[in-house]
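Me: I would like a close look at a single part of the model shown here, with the surroundings described once that part is clear.

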Number of protein chains: 2
Amino acid sequence: MPHRDQSVETIQREMTAFARRARATAARTHPELSLVSFTLLSHLEDRGGCRATDLAAHYLLDKSTVSRQVAALERLDLVERRVDPDDHRVQVLHLTERGVATLAQVAATRRTAFEERLTGWNEADLSRFAAYLLRYNEAAERLS
Amino acid sequence: MPHRDQSVETIQREMTAFARRARATAARTHPELSLVSFTLLSHLEDRGGCRATDLAAHYLLDKSTVSRQVAALERLDLVERRVDPDDHRVQVLHLTERGVATLAQVAATRRTAFEERLTGWNEADLSRFAAYLLRYNEAAERLS
DNA sequence: AGTAAGAGTTGTATAAGCCAACTATCTGTT
DNA sequence: AACAGATAGTTGGCTTATACAACTCTTACT
């Protein structure tokens with residue numbers, strides 16, 4: 001097998017292995033906020049609020065799934081909805097104060113976990129790894 | 001924010017984004033074999049057969065979950081069980097002929113998808129990316 | 001006005017997962 | 001030899017995540 005194919009094979013296997021474990025790990029370390037909820041909140045923070053439809057498109061989820069997830073996050077007082085004054089169909093979602101705080105706390109724990117796994121890496125490797133992941137995900141997004 | 005933290009942050013975000021999408025993508029492209037089933041079959045192929053308990057440990061799944069997954073794969077005639085002659089508690093799982101064929105087919109489609117996303121990468125970058133992922137996952141496994 | 005499109009919700013079904021309780025087998029100690 | 005404890009796996013019961021389809025409400029276009 002040529003070098004190239006072998007690398008592709010490894011990348012495939014390792015990305016898959018990571019994906020497979022991510023949810024279980026997230027559930028174990030953050031029973032209060034599932035991986036999905038966490039990413040939804042992160043996205044809201046990133047964008048400074050967005051619509052449910054945007055979340056669905058970005059995470060390849062059905063809009064009904066997002067609707068229920070958002071409802072749950074609202075019940076937990078992590079997210080609030082503001083009807084768009086220019087278009088009464090849309091509800092712009094925003095983090096509440098509690099949402100911001102909870103996200104920050106979970107993000108910190110997660111960051112610690114990642115830092116542990118990245119102990120001993122030098123800065124050049126880290127930044128190259130980060131760049132590769134960005135490049136890969138951009139392609140994945142374009143092609144999906 | 002120092003360079004290092006920024007890289008860790010990016011790695012965390014991008015790995016998470018990938019994990020978040022992996023299941024949806026897998027479900028879309030392979031309705032016949034979920035991401036979990038696929039990884040279980042792959043593991044069986046890799047090891048040339050193993051116990052349900054090993055699968056559970058490796059993928060951080062409850063043994064009851066694995067039991068049901070395996071039962072489903074058996075119903076589909078993708079996996080067969082052979083009671084260990086030395087220990088009648090143990091059922092060693094093996095791919096059936098159909099299992100091997102199905103796995104090969106799905107793996108090929110997945111590989112194509114990965115190759116598409118990795119178009120334009122040179123060999124050095126690919127092999128470095130693969131190495132980073134391996135290194136990362138090894139650490140993750142050690143620390144879990 | 002009237003139709004088409006978009007945003008979101010709700011009903012229904014399925015799958016995946018966990019925990020706890022159980023059976024069957026094996027191992028080690030007395 | 002016998003019993004206690006550990007291990008492999010199954011099953012019952014429950015929760016959650018997800019998809020699809022049908023629906024309402026609002027906006028946009030003609």
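How far is a phosphate oxygen of DNA strand D from an N or O atom in the side chain of B:Arg81?

Reply: In this predicted model, the distance from a phosphate oxygen of DNA strand D to an N or O atom in the side chain of B:Arg81 is 2.4 Å. B:Arg81 is listed among the closest of the 24 residues that surround DNA strand D, together with B:Arg51, B:Thr53, B:Ser67 and B:Arg68. Chain A also reaches a phosphate of this strand, for an N or O atom in the side chain of A:Thr65 is 3.1 Å from a phosphate oxygen of DNA strand D. A base is approached as well: a base oxygen of DNA strand D has a polar side-chain atom of B:Arg89 at 3.1 Å. Taking the atoms of DNA strand D that lie within 4 Å of the protein, 60% are sugar or phosphate atoms, and the rest belong to bases.

The protein surface near DNA strand D comprises 10 charged, 9 polar and 5 nonpolar residues. At least two residues of that surface come from each of helix H4 (63-75) of chain A, helix H3 (52-59) of chain B and helix H4 (63-75) of chain B.

Since both chains take part in this surface, the contact between them deserves a description too. It draws 59 residues from chain A and 59 residues from chain B, and the two chains bury about 6300 Å² between them, with 63% of that area on carbon and sulfur atoms. Across this interface there are 4 salt bridges; one of the pairs that form a salt bridge is B:Arg111 with A:Glu9, whose closest N and O atoms are 2.7 Å apart. Polar contacts between chain A and chain B amount to 17 residue pairs, both residues being at pLDDT 80 or more. On the side of chain A that touches chain B, at least two residues each are supplied by helix H1 (3-29), helix H2 (35-47), helix H3 (52-59), helix H5 (97-117) and helix H6 (123-143), and the largest share, 22 residues, comes from H1(A). By class, that side of chain A holds 28 nonpolar, 18 charged and 13 polar residues.

As for how the chains are arranged, chain A is superposed on chain B by a rotation of 180 degrees with 0.0 Å of shift along its axis, at an RMSD of 0.1 Å, which is the relation of a two-fold axis. The same surface serves both copies, as 100% of the contact residues of chain A recur in chain B. Of the residues of chain A, A:Ala19 comes closest to the rotation axis, its C-alpha being at 2.1 Å.

Technical notes: Residues numbered from 1 in each chain as written. Chains lettered and ligands numbered in written order. Predicted model: local features only at pLDDT ≥ 70, side-chain atom pairs only at ≥ 80, totals over all residues. Heavy atoms only, no water. Contact = heavy atoms within 4.5 Å. Buried area = accessible area lost by both parts, 1.4 Å probe. Salt bridge = Lys/Arg side-chain N within 4 Å of Asp/Glu carboxyl O. Polar contact = N/O pair within 3.5 Å; in protein donor to acceptor, adjacent residues only side chain to side chain. Helix = DSSP H or I, 4+ residues; strand = E, 2+ residues; numbered from the N terminus. Nonpolar A, V, L, I, M, F, W, Y, C, P; charged D, E, K, R; others polar. Near = heavy atom within 4 Å. Least-squares fit on C-alpha atoms with pLDDT ≥ 70 in both.
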